Amino acid sequence: MSPSTGPERVRCFLDITVGSLPAGRLVVELRSDIVPRTAENFRVLCTGELGKDTHGNILHYKGSCFHRHVEQFIIQGGDFTHGNGQGGVSVYGKKFADENFKLSHDQRGVISMANNGPNTNGSQFFFTLTKTAWLDGKHVAFGKVVEGHDVLDRMEETPTLRSHVPHVPVVITNCGQL
């Protein structure tokens, strides 16, 4: 640890396939120093260490897909219960409150919670594909891609249907904590 880099931050990985082809690994650095509950939710869903919740949902991103891709905006995933943006649960229960809005959507590769309004965070998240400052104060950003920007490029290049659904599956084949 050096004064210029601050404390060691948790890093998680997502191994991605596009269609049936491996695209590579995204490495995400989590800002648990600023948004500890939000970062922990993502970390635990990456490791799958909790197993199942009381309703039988497997609390793990492994095998889930990125169901929404809006060109030059976001790529969204994390709905491991329905796979279409209508589901997902947090490690704290169905939803949890917005922790804070201290981190900005100021660059490509920011990871942030998807929601349905204030205090409705579950398991769904998105990666920004460009600076998206209008999301500040509405979505809790909790980290950024630090390795695998080429993988994010491959994901972004995936053709989509009019409904912003990728034309071929974009899947998290493995994930965990580094």
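Which residues lie nearest the centre of the largest pocket? Hi everyone, let's start right there. This is a predicted model, so please keep that in mind as we go. The residues nearest the centre of that pocket are Gln-76, Ala-114, Asn-115, Asn-116 and Gln-124.

In total, 22 residues line the largest pocket, and the space in it comes to about 310 Å³. Two elements, β3 (66-70) and β4 (74-77), each give two or more residues to this lining. As for chemistry, the lining of the largest pocket has 15 polar residues, five nonpolar ones and two charged ones.

Let me zoom in on Gln-76. You'll find Gln-76 in strand β4. Is Gln-76 buried or exposed? Gln-76 is buried, because its relative accessibility is 8% and the cut-off for buried is under 20%. And what does the side chain of Gln-76 make a polar contact with? The partner is the side chain of Gln-124, at 2.7 Å. Remember that Gln-76 and Gln-124 are both among the residues nearest the pocket centre.

If we leave out residues up to four places away in sequence, Gln-76 touches Phe-66, His-67, Arg-68, Ala-114, Gln-124, Phe-125 and Phe-126. Three of those names, Phe-66, His-67 and Arg-68, bring us to β3, which covers residues 66-70.

So, on to β3 and its partner. β3 and β4 pair in the antiparallel sense, with four bridges. Within that pairing, Phe-66 has Gly-77 of β4 as its bridge partner. The two strands form a hairpin with three residues between them, and in the turn Gln-72 has a positive phi of about 55°. Why is β3 described as largely enclosed by the rest of the structure? The reason is that four of its five residues are buried.

Now a quick look at the second largest pocket. Its volume is about 160 Å³. The lining is made up of Glu-29, Arg-31, Leu-103, Ser-104, Asp-106, Gln-107, Val-110, Ala-141, Gly-143 and Lys-144. Which strand gives the largest share of that lining? That would be β7, residues 141-147, with three residues. By class, the second largest pocket is lined by four charged, three polar and three nonpolar residues.

If you open the model after the meeting, a good place to begin is Gln-76 and its side-chain contact with Gln-124. From Gln-76 in β4, you can then step across to β3, the antiparallel partner of β4. Thanks for listening, everyone!

Technical notes:
Residues numbered from 1 in each chain as written. Predicted model: local features only at pLDDT ≥ 70, side-chain atom pairs only at ≥ 80, totals over all residues. Heavy atoms only, no water. 1 Å grid on protein atoms, 1.4 Å probe; cavity = no way out; pocket = protein on both sides within 12 Å on 5 of 7 lines; lining within 4 Å. Points joined across faces, edges and corners; volume = space filled by probe spheres on them. Nonpolar A, V, L, I, M, F, W, Y, C, P; charged D, E, K, R; others polar. Buried < 20%, exposed > 50% of the residue type's maximum accessible area, 1.4 Å probe, protein only. Polar contact = N/O pair within 3.5 Å; in protein donor to acceptor, adjacent residues only side chain to side chain. Contact = heavy atoms within 4.5 Å. Pairing = 2+ DSSP bridges.
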